[in-house]
Amino acid sequence: MVFQMVDTLTYMIAGYIVIFSFILGYIVSLVVRFRILHNKVATYRTLLEEG
Amino acid sequence: MENKHRLLSILNVITVVLFLVSTWLVFAYAPLERTMGPVQKVFYFHVSTAWVGMLGFFVSAIMGVMYLLKGKRIWDTVGVSSIEISFVFFLIAIISGSIWARPIWNTWWTWDPRLTTAAVVELIYGAYFLLRQGVDEPQKRARFSAVYAIIGFFSVPLTFISIRFLRTIHPVVIGGGDPSVVGGFNMTGPMKFTFFFSLFTFSVLFADLLWHRSRLGRLASELEDLRLALTS
């Protein structure tokens, strides 16, 4: 059986691009959300201390 | 606190190393499957991401039970963190499976029992976030979420067993199954090693992400308390 290796190679690359980009994207979203929340908490604390 | 940070840093390093080794195993160590060619390699991370999805939904159901029993906010925080991670990983599994299916089944999607039940699971947990958005009071939200996570989890074993008890074209990797399914294959030793190593790696990755996401959840709870204190 002759299999179209080039075609399935493209699909493998596409599959792994999806997997890696989603995982990386999620990690980046965690970092960004953490920084935003951290800044907000600091701002609210200052506001509370100032009364 | 300092010890916790150190442990988390160690876990981060272990996760990165394991992930790099897993990637190397997939691309350099595991042999090419004879009939499917390179696209078969998608299977290693496809199954691992689906595993993380199911594991996280299970953890969230346990956290739901714990919240209903103990009523502590931390169980709700870990529960929602677990579902968020699993939601992302289950989505990866569905999309990567669809990419694998295109050259093997000659279609991106078919209403096969496994694919259908997986889509239903994803929708059920998508609705979980809508539920949380709709309830303002933290305790009420946590209680509703806990009950939803427990009931929602019943859809997960249904997805797992769908390819074992129903007529399906989805291959069964562990525990045999119909040998006539399209895309089924027997794993060689190196394939099995790569497969189980990937499963282990993704389990560690899940634990690492859960820890980070729970820290984020605690910070969000703190912000919510500060807002309440300011407005009252």
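The expected span of a helix is 1.5 Å times one less than its number of residues. That rule gets its use at the second stop of this tour, which goes through a predicted model.

**Chain B as a whole**

Select chain B and colour it by secondary structure. There are 7 helices and 0 strands, and the pattern along the sequence reads α-α-α-α-α-α-α. The C-alpha trace spans about 65 × 40 × 25 Å along its principal axes. Chain B has 232 residues, of which 37% count as buried. Take the contacts in chain B between residues at least 6 apart in sequence: 76% of them join residues at least 24 apart.

**Helix 2 and the residue after it**

Select residues 42-70 of chain B, which form helix 2. How far apart are the end C-alpha atoms of helix 2 of chain B? They are 42 Å apart, and this agrees with the 42 Å that 29 residues should span at 1.5 Å a residue. Now step on to Gly71(B), which follows helix 2 of chain B and has a positive phi, near 75°.

**Helix 5 and its cover**

Next, select helix 5 of chain B, residues 138-152. Helix 5 of chain B has 15 residues, and from first C-alpha to last it reaches 20 Å, close to the expected 21 Å. Which residues of helix 5 of chain B are buried? They are Ala142(B), Ser145(B), Ala146(B), Tyr148(B), Ala149(B) and Gly152(B). Show the surrounding helices as well: the cover over these buried residues includes helix 2, helix 3, helix 4 and helix 6 of chain B.

**Helix 4 against helix 5**

Two packed helices are described by the angle between their axes and the distance between the axes. Add helix 4 of chain B, residues 113-134, to the selection; helix 4 and helix 5 of chain B pack at about 170°, with axes 10 Å apart. Angles over 145 degrees count as roughly antiparallel, so helix 4 of chain B is roughly antiparallel to helix 5 of chain B.

To see the contact itself, show Ile124(B), Tyr125(B), Tyr128(B), Leu131(B) and Arg132(B) on helix 4 of chain B. On helix 5 of chain B they meet Arg141(B), Phe144(B), Ser145(B), Tyr148(B), Ala149(B) and Gly152(B). By class, this contact of helix 4 with helix 5 of chain B has 7 nonpolar, 2 polar and 2 charged residues.

**Helix 3 against helix 5**

Swap helix 4 for helix 3 of chain B, residues 73-105. Helix 3 and helix 5 of chain B pack at about 50°, and their axes are 10 Å apart. That angle makes helix 3 of chain B oblique to helix 5 of chain B. The crossing of helix 3 of chain B past helix 5 of chain B is left-handed.

Here Arg73(B), Asp76(B), Gly79(B), Val80(B) and Ile83(B) of helix 3 of chain B meet Ala142(B), Ser145(B), Ala146(B) and Ala149(B) of helix 5 of chain B. The residues of this contact of helix 3 with helix 5 of chain B divide into 5 nonpolar, 2 polar and 2 charged.

**Asn106(B)**

Go to the loop between helix 3 and helix 4 of chain B and select Asn106(B). Most residues other than glycine have a negative phi. Asn106(B) is not a glycine, yet has a positive phi of about 65°. Is Asn106(B) buried or exposed? Asn106(B) counts as exposed, because it has 9 C-beta neighbours inside 10 Å, and the cut-off for exposed is 12 or fewer.

**Val156(B)**

Move to helix 6 of chain B and pick Val156(B). Val156(B) counts as buried because it has 24 C-beta neighbours inside 10 Å, where 20 or more are required. Not counting residues up to four places away in sequence, Val156(B) touches Met54(B), Phe57(B), Phe58(B) and Val121(B). For a distance check, label Val156(B) and Thr117(B): these lie 39 residues apart along the chain, and their C-alpha atoms are separated by 8.3 Å.

**Chain A and the interface**

Finally, turn on chain A. Chain A has 1 helix and 0 strands, and of its 51 residues 12% count as buried.

Select the contact between the chains: 28 residues come from chain B and 25 residues from chain A. On the chain B side, the elements that give two or more residues are helix 2, helix 3 and helix 7 (189-231). Helix 7 of chain B gives the most, with 11 residues. The residues of the side of chain B that touches chain A divide into 18 nonpolar, 5 polar and 5 charged.

How values were computed
Residues are numbered from 1 along each chain as its sequence is written. Chains are lettered from A and ligands numbered from 1 in the order in which they are written. This is a predicted model: local features need pLDDT of at least 70, side-chain atom pairs count only at pLDDT 80 or more; totals for chains, interfaces and linings use all residues. Two residues are in contact if their C-beta atoms, placed from the backbone, lie within 7 Å. Helices (H or I, at least four residues) and strands (E, at least two) are DSSP runs, numbered from the N terminus. Ala, Val, Leu, Ile, Met, Phe, Trp, Tyr, Cys and Pro count as nonpolar, Asp, Glu, Lys and Arg as charged, and the others, Gly among them, as polar. Axes are lines fitted to C-alpha atoms, for helices over the stretch in contact, and angles run from 0 to 180 degrees between N-to-C directions. Angles under 35 degrees count as roughly parallel, over 145 as roughly antiparallel, 65 to 115 as roughly perpendicular and the rest as oblique. A crossing is left-handed if the near helix is turned anticlockwise from the far one by less than a right angle, and right-handed if clockwise.
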